[in-house]
Amino acid sequence: MSIRFKIIIGFFTFVWLVVAIRVYIVSIINYNYYDKYARDNVTKVEVLMPIRGEILDRNNEPLAINEIGFSIALAPRLKLDVVKEQIELITTHLPFLDSQKILRIYKNANSSYNHSPIMVANFLTYRQISHAFSYFKFSPYIFIAPSSKRFYPNFSSASHVIGYISRASQKDIIDNPLSQHTKVIGKTGIEAQYNEFLQGKASYRKTQINSLYKEIKVIEEGSLPRQNNLNLTIDLRLQELLDSEFSNKEGAGIVMSVENGEILAAGSYPEYNLNDFVGGISVPKWKELLEDPHLPLVNKITSGQYPPGSVVKMAMGLAFLEHADVNENTIVETPCFIEVGGRKYRDWKCGHNSADMFKAIRSSVDVYFYKLSLKTGINNIANILFDMGFGEKTGIDLPNESKGVVPTPEWKLKIKGDNWVGGDLINISIGQGYFLVTPIQVARYTALIASGKLVSPHFAKNFNDTQKKYPNQDVLSDHEKSKLWVLRKGMYEVCNSPDGGTAYWRTRGAKVAIACKTGTAQVTGIPQDIKVRLKESEMDYFERSHAWITAFVPYEKPKYAITIIIEHGGGGGNGGPILVNLVNKLYELGYLK
């Protein structure tokens, strides 16, 4: 046998040996891998998500629900001429759809790695699509599936509380992978705060498909329980009244239980139509909201930061009783002004002459607070303010809450780069200067005065009949608690004493006894050389003071705190009629006896 022949025989033997080994590896060793790969080519696994949970008020009235309809999808990896042919079929029967937009959506989503149908129309009502079902059924490339769309039946009511959903961005999908399947995510308000609960838990569905992506049979399907509805503490009837009271005003209003922090109504004004955001807001509408000087996109309930004005005087009174060596009956001389550091600090009204604590709260005697704040000191005052919930988040179940500002010498040096002066403390004593609060902080502080406990403000009431617990905080000393009656009595006189009660004439007609405090928070400083101040009505709108009024009812057995701020509303008493209407509605609805 020649050497050449032996080489040829050896070569063929080697080749057949390699082939045999490869066949053995593929058929025996890697059988499971290729079997799975083959099965994946003929099976499809879908992630199933429940319809987004509804948001309801405390009486099961709808606040956020879902409209049921259909979506249209096209098979992936089609040739361009086939895609155009299918789009023409769709737009022939649904002429309100934009063929160029559909083509653009398809091209952006299509790739050699995509094995799932590409959705080209997210939501169509039954009426829109019903006549076209039979035409689409005969196309192997068009898929019709059930779909839902968020709908807010009350449009703008409680818009900053409820919030809205919109299309999930790439960042949203990274943070919340399930939003890749829901396609939407909560962006603001309760929709964002409880998004994980409202979107529900995922399940799956495994089907066998053919080469045209049509289902042949269902192989396996997981259960998809619907347990993601959320009841809020809001009473829509009271909310609607609050909305109507602010129909031509800017600001915020809150009605909250002093016992457990449940919020029965809350609004930030102006509001906006939540339905504008579902599926993506138009550019002109978004620009209009952004450029509105009244800031409709800001949730003023939790993020609006304002000087509190005189509504903070009860906290000052508590600090005086604790640290200034006075009691509620101590008489303090109150001239028209005092002078500190070469500057005159005037009372809002000349002629008070003298005041005890009851009169100081009832008639909002500024000089009383000027004098005793200097005696008490900033550290003692700041500690009381922190204890009463200012300068910190309340923990309310809404995103992006602000802390406000309780100024101290350390704060001023760090933030402003300036040293503390006596005038800073005088300004704080009447809720001005650098002192900033949010409306929810004022409501919580009012509830503390009424109940002796610092409540946890909240909107979520029931998660599928499961009630969440919200603990109260015991923040006051025994001596401070023993003096709360003084603050309550002073507030009662504000609303009920004709002898100087700053809200007396604006709170007539209430069906239960109200205890309240007004506040006029200046937004523009008054120069020292001004002898006669302009009336609020004579000022430019954005230079007018904010009008505060905060209250609890009933006076004898407090149940609810009500806080109102009217931006640039002038005198604090201007919120009195709104307060009375809300109190009477609580009475009418049976919340007050």
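This is a short dialogue on reading a helix crossing, the nonpolar cores and some backbone features in a predicted model.

Student: How are H14 and H17 set against each other, and which term fits their angle?

Tutor: Angles under 35 degrees count as roughly parallel, over 145 as roughly antiparallel, 65 to 115 as roughly perpendicular, and the rest as oblique. Here the axes of H14 (residues 313-323) and H17 (residues 378-387) come within 9 Å and cross at roughly 125 degrees, so the pair is oblique. The crossing is right-handed.

Student: Which residues make that contact?

Tutor: From H14 you have Ala-315, Met-316, Ala-319, Phe-320 and His-323, and from H17 Asn-380, Ile-381, Ile-384 and Leu-385. Sorted by class, that's 7 nonpolar, 2 polar and no charged residues.

Student: Which residues have the most contacts inside the largest nonpolar core?

Tutor: Phe-320, Tyr-368, Leu-385 and Phe-459, in a core of 127 residues. Helix H20 (residues 439-451) gives the largest share, 8 residues. A second, separate core has 22 residues, including Leu-94 and Ile-142. Back to Leu-385: beyond its neighbours within four places in sequence, its contacts include Val-312, Phe-390 and Phe-435.

Student: Where are the cis peptide bonds from Tyr-269 to Pro-270 and between Val-553 and Pro-554?

Tutor: Tyr-269 to Pro-270 has omega near 5 degrees, and Pro-270 is in the loop between strand S12 and helix H13. For Val-553 and Pro-554, omega is about -15 degrees; Pro-554 is in the loop between strands S20 and S21.

Student: Phe-155 isn't glycine, so what is its phi?

Tutor: Near 60 degrees, a positive value. Phe-155 lies in the loop between strand S5 and helix H7 and is partly exposed, at 43% relative accessible area.

Key. Residues are numbered from 1 along each chain as its sequence is written. This is a predicted model: local features need pLDDT of at least 70, side-chain atom pairs count only at pLDDT 80 or more; totals for chains, interfaces and linings use all residues. Side-chain values use heavy atoms; hydrogens and water are left out. Axes are lines fitted to C-alpha atoms, for helices over the stretch in contact, and angles run from 0 to 180 degrees between N-to-C directions. Helices (H or I, at least four residues) and strands (E, at least two) are DSSP runs, numbered from the N terminus. A crossing is left-handed if the near helix is turned anticlockwise from the far one by less than a right angle, and right-handed if clockwise. Contact means heavy atoms within 4.5 Å. Ala, Val, Leu, Ile, Met, Phe, Trp, Tyr, Cys and Pro count as nonpolar, Asp, Glu, Lys and Arg as charged, and the others, Gly among them, as polar. A nonpolar core is a set of buried Ala, Val, Leu, Ile, Met, Phe, Trp, Tyr and Cys residues joined through side-chain atoms within 4.5 Å. Buried means under 20% relative accessible area, exposed over 50%, partly exposed in between (1.4 Å probe, protein chains only).
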